Structures are given as structure tokens and as C-alpha cells.
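Here is a quick tour of the empty spaces in this protein, with a stop at a helix and a loop residue along the way. Have the model open while you read.

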Amino acid sequence: MLKKGGNNWVEGDRFFDREIELEALEERTRDGTHTLLTAQRRMGKTSLVRELLRRLTETGGFETVFVDLEAAMDQADAVAELGIRTRSVRAVWGRIETVFANVLRGVGDRIEELSVSELKVKLRAGVDAGNWSQRGDAILSALAGSKRPVVLAIDELPILVNRLLKDDDDRITPEGRRAADGFLSWLRRNGQEHRGKISIILSGSVGLEPLLQQAGLSAHANIFSAYDLKPWSEETAMSCLAALSDTYDVVLTVDVRRSICQRLRCCIPHHVQMFFDRLHDHLRRERRQEATLNDVDWVYLHEMLSVRGQMDLQHYESRLQTVLGRTGYPIALEILTQAATRGDLDDDTVRQYEMHFPARDGDGDPSVEHVLHVLHHDGYLERREDGTSRFVSGLLEDWWRARHGRNFVPVFASRQADRGADR
Ligand SMILES: Nc1ncnc2c1ncn2[C@@H]1O[C@H](COP(=O)(O)OP(=O)(O)OP(=O)(O)O)[C@@H](O)[C@H]1O
Ligand SMILES: [Mg+2]
């Protein structure tokens, strides 16, 4: 019985398919390969890793640790978070307590009763800018000393790296670069040292590679071998819709399910789930059980692209803002709106944007080239055979057009029009 997914990561009876990917990742962990999991947003990266860890703990003879760095402000936060999450590995927790003996003194037997957040505050007090790397080394050595092999999943590392790199104006600074360099070197060194005992899986809602490239730190990612998580095939998405319709007692014919996939164009699991949820609500309101092709169209236009639907999609914008900053984001906004309203983006247009937003060396601002790199890498745009780019997802394209496309005139054209009017 497949349950609805909602917005957060899923596992167990909310997790569908991905058997091939789970098998591939399990094999990598058994081989001791470190993995950088890449995919466009909402593809189910976090869910895939969570489900993998769940299965490896249950049956695979592994110890598993899942660390989310989204809220970590600096290296010390990240190490405290790592420390607290190793609590899931009973066999080494005793050694972690020793590492943090100075701040845990006095807690005694009460440690079992402390909540994760209380304990985290304690551990955080034991890590600072001067000792985070030694503390981090000690935690990872303790993990490596476990009898069973350990899988260490680190989610949202790029968000932390981005935070370390940039100042309040979203510019990469020399100090920021040093901080990110230090943290990534530490991770790489540990990954190398404990290879075979700890295998690391990195993931995140923004890509690591374009960020490292922009900062000139790409070499740090070379101990990680990339694994690209693809969208569901139409067949898989249709089976998922069939499984959901069974659970919730609605009827979706093959034609209806195919029409959903065609609207989406790219079957990103979250979008498939969202579509089902909206269609289900719609049928409930209409007091019907069977959906028609008209229902699919109606729900797409009035729900998926509506204000409520936009809430679910707005986090695309906020992530782009985070990673591109206040100079890069307006460039992305232009490029994506242009691609959504025209249906594609050609070299000529890119050149016009490059002239309009000239790259300046050394000021830490992203260039048009970098923005395009991010948009391609993170799966917003794809290059086609004729050299033009377009949106990968039909839903995202329609949504972007609905949100930003009204009366859109590209910046370079509006400048020309102004000049024309002045003459
Ligand atoms: N294997 C799956 N089975 C069912 N639903 C899934 C699956 N993977 C993802 N989903 C759906 O997609 C949503 C997002 O999943 P998840 O948070 O894992 O994606 P993500 O790629 O980590 O997203 P982000 O880019 O925001 O980090 C889930 O809430 C769920 O609805
Ligand atoms: Mg995620």
C-alpha cells in the first residue's frame, strides 16, 4: 500500500521503486566508493539515501549515520551535528562521549534521557573555530573503529559550503574560500584515511560541482564518484500513480495516467505525487471516483499552476537565490523567463545576455556562463541537439511562465527600446 508522499523525504511505505538505484548505491557502499549523488531538485535524493540507510541497517550489516547540514552555520556546527548523529551507532557512542568528555562531564547517566537538541547544545559547546577539525577527526576515527562498515550520508553539504564561501553580499571572499577549502580538505582527508571502513554519500538540493568550480576548489570533489539520479520513466510514474490510486480508492485509466506524465514531461517523483494529490482532492470535492482527461487538464491549470501550487514550487526560486546570490539570481530569472516564454534559449540570446551582464574577473560575482552552468547542472535546462536549451520539466516551464512571463521583455531588448525612444 503506497501512501502519499507529501513534501518531505519519504521512506518505507511511502517510498516507491528506485530498486536499480538502491542496488547500485548498495554496491558502491560495499566497495567502499564515496558517492556524490546529483540530480535536479525534488528528484528524491534525500529519500533515496534515507531508504538505502534504512535497508542497510535492517539487513545489510552496516552502521549508518545521516547528517543534514542545512542549518549548520559553520564548520563547528557541522562537526557538532556529525557528533550528535553518531548516536545512532550504539557501538561507538561511548567513544564519542569520551571525545566530548569535557562538556558532558556532570551529565552522567542522565545522558540517555537527554533529547537530541539538548545533547546537541552540549556537544556544540565543545567545538569551536580552533578545534573543529580535531574533534571531527576523533568522531570519524571512532566511527571507523566500528566492527561493522559505516555508511555516512551527508545531506546539504553544498548549502554549508555556499555559506562558508560567501559574505553578506553573496560574494565569494578570500576568507570564505579559505574556510571552504579547509572544511573540504578535512572531509577529503578523512574520506581517504577511512576508505573501506566509512563510505560517504553526499547529496544536496543544489549542486556541489558548479559551486566548487566557481570557487576554484573542484579538486576537493575528486574522491567522490558521481551518481546521477534520473527522473522516473513514464512507465514507473504510471505504476506509481496506479499504486496510489489503489491505496486511495480512485480510478485512473491508462490514458489518464499517461496524460499526467505528458503534462509533466519529466517525471520528477515529487511532481507525480503532487499531481496525484491535487487530482485526488479534486475528485473528492466532486464526489467522484474516476478521473477523466478533462479532470487532468483542469487540475493542471487550476491547481498545479495556481497560487497554491506555486507554494510547492517556490522553493525552486529560493534555492536558486541562495546559490546564485543577489547578482546571479536576476540573471537566472531573465534566462529562465526567456526560455519559458520563447520555449527555448539560443546562443544568440545568451550572447546578448553576456553583453548585458558583463563578467568581471575577481569580484566574486557569478557570470552568465556560471549561471547557465548551474541551470544545466541542477537540471533546470537541458541542451538539445540543435544547440538550444529548454526547460527539462514541462510543469516548471509552465509554472515559470505563469509566474514571471506576463509582459516579459528581455533586459537587453528593453534597453534598446529605451534608446530608440530617446532618439
Ligand atoms: N521514491 C519515491 N517514492 C515516492 N515518492 C517520492 C520518492 N522520491 C521522492 N518522492 C516524492 O518527492 C518528494 C521530495 O523528495 P526528497 O525530499 O527526497 O527529494 P530531494 O531530491 O531530496 O529534494 P530537494 O532537491 O528539495 O533536496 C517527497 O516528498 C515525495 O513526495
Ligand atoms: Mg533533499
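In this predicted model, 31 residues line the largest pocket, and Asn-7, Asn-8, Trp-9, Arg-42 and Thr-46 are the ones nearest its centre. The pocket holds about 650 Å³ of space. Which elements build its wall? At least two residues each come from α2 (45-59), β2 (63-68), α13 (269-285) and α15 (307-342), and α2 has the largest share, with 4 residues. Domain 1 (21-228) and domain 2 (234-304) each put at least three residues into this lining. By class, you'll find 8 nonpolar, 12 polar and 11 charged residues there.

Now for the closed spaces. A search of the whole structure turns up 4 cavities of 30 Å³ or more. Here are the largest pocket and the two largest cavities side by side:

| Space | Volume | Lining by class |
|---|---|---|
| Largest pocket | about 650 Å³ | 8 nonpolar, 12 polar, 11 charged |
| Largest cavity | about 110 Å³ | 7 nonpolar, 6 polar, 2 charged |
| Second largest cavity | about 70 Å³ | 10 nonpolar, no polar, no charged |

The largest cavity has 15 lining residues, with Leu-37, Gly-204, Val-206, Gly-207 and Leu-208 nearest its centre. Strands β1 (34-38) and β4 (198-203) supply at least two residues each, and β1 gives the most, 3 residues.

The second largest cavity has no polar or charged residues in its lining. Among the residues around it are Val-67, Leu-69, Phe-183 and Trp-186. Helices α3 and α9 (174-193) each bring at least two residues to that wall.

Next, helix α4 (residues 90-99). Val-92, Trp-93, Ile-96 and Val-99 are buried there. Why do they sit on the same side of α4? Because they cover an arc of only 120° around the axis. Arg-90, Ala-91 and Thr-98, on the other side of α4, are exposed. What do the buried residues of α4 pack against? Their partners are α3 (75-85), α5 (101-104), α6 (116-125) and α7 (132-144).

Last stop: Glu-70, in the loop between β2 and α3. Glu-70 counts as partly exposed because its relative accessibility is 34%, which falls between the 20% and 50% cut-offs. Leaving out residues up to four places away in sequence, Glu-70 touches Glu-156, Ile-159, Arg-163 and Arg-319. Leu-241 lies 171 residues from Glu-70 in sequence and 31 Å from it in space, C-alpha to C-alpha.

Note on methods:
Residues numbered from 1 in each chain as written. Chains lettered and ligands numbered in written order. Predicted model: local features only at pLDDT ≥ 70, side-chain atom pairs only at ≥ 80, totals over all residues. Heavy atoms only, no water. Buried < 20%, exposed > 50% of the residue type's maximum accessible area, 1.4 Å probe, protein only. Arc of directions from axis to C-beta. Contact = heavy atoms within 4.5 Å. 1 Å grid on protein atoms, 1.4 Å probe; cavity = no way out; pocket = protein on both sides within 12 Å on 5 of 7 lines; lining within 4 Å. Points joined across faces, edges and corners; volume = space filled by probe spheres on them. Nonpolar A, V, L, I, M, F, W, Y, C, P; charged D, E, K, R; others polar. Domains from an automatic or database assignment.
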